[in-house]
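Trainee: Got a minute to look at a chain with me? I'd like to go through its annotation, its domains and a pocket.

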Amino acid sequence: MRPLLDIPTQRRLNILEQLNEADTWISSNQLATLNNASLRTIHNDINFLKETCTPHLTIETSKKNGVRLLFHSCSHLKMVYQDIYKQSDAFSLIESVFFDTSLSIERWGTRLFVSESSLYRIVNDITISLGQFNLTLEKKPCRILGKKELDVRYFFVRFFKEKYFIYDWPFEASKDESFHLCSLLLDLTKTKLDGDLLIQMCHLVNISLIRSSQGFTINEKPTAPQAAIVEKIEQQPNIMGYLNNLFATYNLEPSHEEIGQLVYCLANFITYWIYDEAQAAEANHTIGLLLNNIKTTFRIDLEPKLEKTLFQEIRQAYLFYAIFPYQNYLLFDEYQEYKNTIQKDFPIFSQVIKQKLIQIENESNFPWYQLLYPKILFILITQWEFLAEKINERKAKVEILILSDQGQAHTNFLIRQVTHSFGDHATFYSAESDLFFFEKTTSENFESYDLVLTTFATDLIPCEKLIVINNIPSNHDWQTMRQAIKERYIKKQEDIFQLNQETFDIERKDGSPF
């Protein structure tokens, strides 16, 4: 919903994200090209961001290097987005209209101190943005409607998730009672949710009750399994106690029908409660292929219990998109940011998942890669216990020989220095014999090494492997080593992945169960 922001704000957000993703210096010319803007506009935007974002981050500028972004240790880019939410008239109007559907658009303009011309521009922008979610904004009275009431409620789940931190609570009803109710419902249905989804479930309970109190109802009826959950709920005094309190907060009676509507909303959001195996069959098959491919490619075992958890997490993402097929963020795409980081830390693993999802998407006509790739990456890395560690264990390190004309003590000094900086990605060796007769060495002596670091120039070592450094490495030397090791390291992982993939293909041809 970025079109709700004015053009300069949209561009400045883009600049922040580009700086954040680069994690290094970017020239002003690059930023101008990326944002289709003049250098003067970029400089003005950078100065604006330096002044307004100081509480959260620092933007450094250099005539030589360009621009770079530094975060304070106690801050995060998400805080910038939340400041924008607070400052935006459009988002303030959306939230106000959610809580009070009795006023006309003109009265909201007066209450929010928005001029008439600005108000109608904002309303037009909101109407266009809501259209992406199949929703509309009525003006008299001012309220948000959808062809499906479920879409309205799920839209506001995303709205409140992005606008508020985990410790914020925008609703009138008790946060504690909402949490305890959701925990009991999950226990009753033997469903496990934590973190982000549990917070969203608490939000959805309150969003649904508020919408019901405003007269908006869901036309669909609970399925037979969902109706069974309603009956179980009504037989649980502790759950009914929390429901009575929450319903009373919004002037509602916890009737059988009202509880049924709440369960219907929660069931389709959580998706574990749908119990429609036919609907989930395609997802189960696809996820099974994906997990088997990962296990085989990286030679990693997966415990049955953990495999079931991964199945549920990925299926949740798939089924919820099938129910609510819209963009999964409003301003801040947190999973896109996670994806960028995972791709940097685990490039080959990310590439394997990407290729598999593209293949699945082409075969199934469902946007597995386009929409679910970032979230699936996040689920696999965070939920698959010790996956990151196991991937790192299987990474092949760069083999590097160090040759110094200053003697063995100096060679050992260099090995300690470079091991401290690059030990996670490379293994370092020293020469087995004295260098006094180095001229008798042949190129075959260096075939087993990926790189050779020397303190002297020589044409006896293949140029593509040779890096000449100072006796005390300079900043330029460190940069050269870092770039060369990074390139060789990625190449070695690609070679291993290709070998495993070829083996995987051979096994399939030979009748492997995969």
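**Annotation, domains and a pocket**

Mentor: Start with the record. An unreviewed UniProt entry annotates residues 76-160 as "domain: Mga helix-turn-helix". Keep in mind that this is a predicted model.

Trainee: What are the helix and strand shares over residues 76-160?

Mentor: That stretch is 67% helix and 12% strand. Its end C-alpha atoms sit 18 Å apart.

Trainee: And how is the chain divided into domains?

Mentor: Domain 1 is 2-76, domain 2 is 88-147 and domain 3 is 150-270. Then come domain 4 at 277-392 and domain 5 at 395-495.

Trainee: What separates the centres of domain 1 and domain 5?

Mentor: 38 Å, with the centres taken over C-alpha atoms.

Trainee: Switching to the second largest pocket. How much space lies in it?

Mentor: About 730 Å³.

Trainee: Which residues lie nearest its centre?

Mentor: Lys344, His425, Arg482, Lys486 and Tyr489. They belong to a lining of 19 residues.

Trainee: How does that lining split by class?

Mentor: Six nonpolar, seven polar and six charged residues.

Trainee: Which helices each supply at least two residues of the lining?

Mentor: H16 (334-345), H20 (408-422) and H21 (475-509). H21 gives the largest share, with nine residues.

Trainee: Back to domains, then. Which ones give the lining at least three residues each?

Mentor: Domain 4 and domain 5. So for this pocket, look at 277-392 and 395-495.

Methods. Residues are numbered from 1 along each chain as its sequence is written. This is a predicted model: local features need pLDDT of at least 70, side-chain atom pairs count only at pLDDT 80 or more; totals for chains, interfaces and linings use all residues. Side-chain values use heavy atoms; hydrogens and water are left out. On a 1 Å grid over the protein atoms alone, a cavity is a set of points where a 1.4 Å probe fits but cannot get out, and a pocket is an open set with protein on both sides within 12 Å along at least five of seven lines; lining residues have an atom within 4 Å of a point. Grid points are joined across faces, edges and corners, and a volume is the space filled by probe spheres set on the points. Helices (H or I, at least four residues) and strands (E, at least two) are DSSP runs, numbered from the N terminus. Ala, Val, Leu, Ile, Met, Phe, Trp, Tyr, Cys and Pro count as nonpolar, Asp, Glu, Lys and Arg as charged, and the others, Gly among them, as polar. Domain bounds come from an automatic or database domain assignment. UniProt positions are given in the numbering used here, feature names are shortened, and annotations may be inferred rather than shown by experiment.
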